[in-house]
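Visitor: Could you show me the model, please? I should like to go through it with you in short questions.

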Amino acid sequence: MEFQAPRGTTDVLPNDQRYWRYVENTASQVAESFGYRRIDTPVFEDTNLYIRSIGDSTDIVEKETYTFSDRGGDSLTLRPEGTASVCRAYMQHGMHNMPQPVRLFYLCPNFRYERPQAGRFRAFHQFGIEAFGESDPYIDAEVIEVSWRFLTSVGIDDISLRINSIGDSNCRPKYVDALQTYYQNYSQSLCPDCVRRLETNPLRLLDCKMESCQPVIQSAPKSTEYLCPPCNAHWVQLQEYLETTGIGYEIDNTLVRGLDYYSRTVYEITPPTERRTNVIAGGGRYDGLLEQLGGPTTPGIGFGMGIERVIENIRRLEINIASNPKLSIMFAHIGEGAKKEAISLSSQIRRLGKEAFVGPSRGLRSQMRYASHMNSSHVIIIGDDELSTGLYTLRDLSKGDQTEITADGILNFVKTHDIGQKVD
RNA sequence: GUGAGCGUGGCCAAGUCGGUUAAGGCGCCAGGUUGUGGCCCUGGAGAUCGAGGGUUCGAAUCCCUUCGCUCACCCCA
């Protein structure tokens with residue numbers, strides 16, 4: 001085989017489509033039930049949008065973007081995450097003039113040049129929401145609740161929520177200082193990665209997985225102990241509101257996130273397994289981001305959720321996805337005249353909005369077998385006898401019985417048997 | 001970028017201390033039922049054994065190279 005799907009990409013075959021429909025439909029319903037409205041943005045944006053938002057020293061921007069020049073010489077980048085685009089759209093369309101908060105959700109593909117592995121792809125899909133213009137922590141709890149309700153609605157309920165607050169531009173620098181000072185004392189016992197992190201990204205010291213670094217992490221200063229009064233009030237209220245929604249949570253002071261724009265609230269939702277790649281959803285607050293992108297000072301918060309990872313968990317839990325059987329008619333035909341009648345009648349049925357198609361030009365036995373494998377609900381058999389009498393054979397594949405029926409009778413049958421009819 | 005495992009018809013796969021025509025199952029096609037599916041029976045098509053090179057009288061099997069897939073690290077959804 002000369003061609004295959006590029007590394008890190010997958011084909012969603014017909015048999016798997018039901019998972020995607022199920023997830024996308026549930027996501028839309030849940031988000032809309034909270035008052036969120038769908039937004040779609042381009043798959044590529046000005047490269048600088050991502051540099052300015054995600055951060056030019058993050059792994060995503062440093063080595064994972066798909067960046068190219070178009071024929072006019074502009075540098076464009078395939079969307080690596082959803083928040084930046086939505087922020088850009090919020091500013092571009094003057095949504096700060098709309099009643100605040102503005103609640104938006106999206107379902108879209110994202111691209112990151114990474115080595116694929118379990119639950120990680122180069123082309124992947126996210127369901128996400130963003131809420132702009134509200135700094136009160138009730139909206140933090142709401143955003144968390146949307147992701148939680150979605151996952152439980154879809155049937156994944158063995159999940160756990162971890163939250164943390166990393167402060168804002170006022171108090172976080174003091175915490176980072178304290179963290180660095182603390183780590184200086186252990187510099188000789190740290191893993192090589194952590195030695196590097198100490199300089200480049202001190203917050204990430206906290207989620208090192210190396211066994212040898214765990215004791216150091218355990219007794220490290222906690223960000224929540226360094227919060228300034230406003231951040232602390234926000235943090236305390238968030239927990240109260242979360243408790244009001246009845247969602248169980250765990251405070252994880254080692255939880256930090258890989259994008260530079262987060263402030264105050266950060267959170268992750270994981271299934272019971274230990275592997276970090278199993279993080280299904282992650283998000284947080286980004287109060288300085290819009291201003292950083294040249295917009296008005298506007299608070300914002302949101303999450304991103306990996307659809308492939310959601311589906312992976314649906315499969316793991318063997319969640320039953322109901323799919324309505326529907327009316328689907330195949331025309332089996334014997335002879336050229338019968339074939340033309342099959343083409344004509346199936347076309348008329350389709351114009352009524354129902355599924356119908358012509359059987360393959362093979363023997364009747366083979367056509368019947370095809371109908372069966374195509375999950376047709378009914379077969380109409382047309383041969384010389386039927387053409388001369390005008391009475392066709394209508395066979396119900398689920399019941400296994402059949403009757404005589406006229407052409408008009410067929411059309412009437414189709415009109416009165418609607419989609420969703422139980423056929424198996 | 002680093003490390004490990006694996007690549008045999010569309011899919012799952014036996015064979016891998018080299019030896020005549022590369023098992024089997026699923027799926028596909030056909031026949032059994034001269035016009036009737038899902039079960040069953042019979043037959044058929046379909047593989048340059050990932051690719052290239054080497055060793056050998058002889059290579060799916062041994063050696064080298066290369067590509068691909070998977071998993072893990074980094075990082076993330």
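Visitor: Where does Glu318 lie?

Guide: Glu318 lies in the loop between helix H11 (307-316) and strand S12 (328-333); helices (H or I, at least four residues) and strands (E, at least two) are DSSP runs, numbered from the N terminus. This is a predicted model, in which local features need pLDDT of at least 70, side-chain atom pairs count only at pLDDT 80 or more, and totals for chains, interfaces and linings use all residues. Residues are numbered from 1 along each chain as its sequence is written, chains are lettered from A and ligands numbered from 1 in the order in which they are written, and side-chain values use heavy atoms, with hydrogens and water left out.

Visitor: Is Glu318 buried or exposed?

Guide: Glu318 is exposed, at a relative accessible area of 71%. Buried means under 20% relative accessible area, exposed over 50%, and partly exposed in between (1.4 Å probe, protein chains only).

Visitor: What is phi of Glu318 near?

Guide: Phi of Glu318 is near 50°, which is positive although the residue is not glycine. Most residues other than glycine have a negative phi. Asn375 also has a positive phi, near 65°. Asn375 is found in the loop between H13 and strand S14 (378-382), and counts as exposed at 61% relative accessibility.

Visitor: On peptide bonds, which form does the one from Gln100 to Pro101 take, cis or trans?

Guide: That bond, from Gln100 to Pro101, is cis, with omega near 0°. Most peptide bonds are trans. Pro101 is in the loop between H4 and S5, and His96 lies in the loop between helix H4 (83-92) and strand S5 (102-111). His96 is partly exposed, at 36% relative accessible area.

Visitor: Turning to the RNA, how many residues surround strand B?

Guide: RNA strand B is surrounded by 47 residues, and the closest are Arg112, Arg120, Arg204, Arg257 and Gly258. A residue is near a molecule or strand if one of its heavy atoms lies within 4 Å of it.

Visitor: What kinds of residue make up that surface near RNA strand B?

Guide: The residues of this surface comprise 22 charged, 14 polar and 11 nonpolar. Here Ala, Val, Leu, Ile, Met, Phe, Trp, Tyr, Cys and Pro count as nonpolar, Asp, Glu, Lys and Arg as charged, and the others, Gly among them, as polar.

Visitor: Which element gives the most to it?

Guide: H13 gives the most to the surface near RNA strand B, with 7 residues. Elements that each supply at least two residues include helix H13 (364-373), helix H3 (59-64) and strand S6 (123-132).

Visitor: What part of the RNA does the protein meet?

Guide: Of the RNA strand B atoms within 4 Å of the protein, 52% belong to sugar or phosphate, and the rest to bases. A side-chain N or O atom of Arg395 is 2.9 Å from a base nitrogen of the strand. Toward a sugar or linking oxygen of RNA strand B, a backbone N or O atom of Val279 lies at 2.6 Å. A polar side-chain atom of Ser372 lies 3.3 Å from a sugar or linking oxygen of RNA strand B.

Visitor: How many salt bridges does the structure hold?

Guide: The structure holds 15 salt bridges, each being a side-chain nitrogen of Lys or Arg within 4 Å of a carboxyl oxygen of Asp or Glu. One of them pairs Asp16 with Arg315, with the closest N and O atoms 2.7 Å apart. Asp16 lies in the segment before helix H1 (17-33) and Arg315 in helix H11, so the pair ties together parts that are 299 residues apart in sequence.

Visitor: And what does Arg257 pair with?

Guide: Arg257 forms a salt bridge with Glu268, the closest N and O atoms being 3.5 Å apart. Arg257 sits in the loop between strand S8 (250-251) and strand S9 (263-270), and Glu268 in strand S9, so the pair ties together parts 11 residues apart in sequence. Glu268 is buried, at 3% relative accessible area. Arg162, Asp252, Arg257 and Glu268 are joined into one network by salt bridges that share partners.

Notes: Polar contact = N/O pair within 3.5 Å; in protein donor to acceptor, adjacent residues only side chain to side chain.
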